[in-house]
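User: I'm new to reading protein models, and I'd like a close look at just one part of this one. Could you pick a helix and walk me through what sits around it?

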Amino acid sequence: YAAAKALMDCPRAEQVAQIDLLQRDLGSDYGVHYLLASCIGLLGLHERSDQVRDALAETAPQYAKSRVAAAWSCQRLGLADQRPLLEDLSRTNPWQPLRWSCTQVLAALP
């Protein structure tokens with residue numbers, strides 16, 4: 001969480017550069033994956049919304065929390081193109097935190 005805090009305090013250009021570096025070097029680590037899916041939305045980094053889309057679509061069990069973070073980032077970034085996947089996840093995913101998050105995001109997504 002200290003890394004997320006440090007990222008939030010950086011200038012925007014540095015945020016994007018750090019996200020790119022983290023994705024390239026550590027993106028498969030489930031903790032970093034979660035951090036990126038969350039911070040991209042919190043920072044409003046539309047230019048990295050592809051990473052949010054990828055995180056939401058990731059089905060490996062170790063990335064389940066990243067999918068929750070990605071759902072909320074879809075709301076923050078206004079990623080209405082993800083509505084079909086969010087709807088499917090809200091109905092069919094076996095993990096209640098992801099279903100609930102997707103339902104909440106859908107209710108607030110423009």
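Analyst: Let's take helix H5 and start with its neighbours: its buried residues pack against H3, H4, helix H6 (83-92) and helix H7 (96-108). Contact here means heavy atoms within 4.5 Å. Buried means under 20% relative accessible area, exposed means over 50%, and partly exposed is in between, using a 1.4 Å probe and protein chains only. Helices are DSSP runs of H or I with at least four residues, strands are runs of E with at least two, and both are numbered from the N terminus.

Two notes on the source before we go on. This is a predicted model, where local features need pLDDT of at least 70 and side-chain atom pairs count only at pLDDT 80 or more, while totals for chains, interfaces and linings use all residues. Residues are numbered from 1 along each chain as its sequence is written, and side-chain values use heavy atoms, with hydrogens and water left out.

Back to the helix. H5 has 14 residues, and from its first C-alpha to its last it reaches 20 Å, close to the 20 Å expected at 1.5 Å a residue. That expected span is 1.5 Å times one less than the number of residues. Which residues of H5 are buried? They are Ser66, Arg67, Val68, Ala69, Ala70, Ala71, Ser73, Cys74 and Leu77. Right after H5 comes Gly78, with a positive phi near 65°.

Now look across to H7. Ser101 is found in this helix, and it counts as buried because its relative accessibility is 3%. Setting aside neighbours within four places in sequence, Ser101 is in contact with Val68 and Trp72. Val68 is one of the buried residues of H5. Gln104 also has its place in H7, but it is partly exposed, with a relative accessible area of 32%. Gln104 and Ala71 are 33 residues apart in sequence, yet their C-alpha atoms are 9.2 Å apart in space.

Follow the chain past H7 and you meet Pro110 in the next segment. Pro110 counts as exposed because its relative accessibility is 71%. Apart from neighbours within four places in sequence, it is in contact with Ala80 and Arg83. Pro110 and Arg83 are 27 residues apart along the chain, and 9.8 Å separates their C-alpha atoms.

H5 also helps to line the largest pocket: helix H1 (2-9), helix H3 (30-42) and helix H5 (64-77) each supply at least two of the lining residues. How do you find a pocket in the first place? Rolling a probe the size of a water molecule over the atoms shows where empty space is left. On a 1 Å grid over the protein atoms alone, a pocket is an open set of points with protein on both sides within 12 Å along at least five of seven lines, and lining residues have an atom within 4 Å of a point.

This pocket holds about 260 Å³ of space, where a volume is the space filled by probe spheres set on the points, joined across faces, edges and corners. Its lining has 13 residues, and Tyr1, Tyr30, Gly31, Tyr34 and Leu35 lie nearest the centre. H3 gives the largest share of that lining, six residues.

Methods
On a 1 Å grid over the protein atoms alone, a cavity is a set of points where a 1.4 Å probe fits but cannot get out, and a pocket is an open set with protein on both sides within 12 Å along at least five of seven lines; lining residues have an atom within 4 Å of a point.
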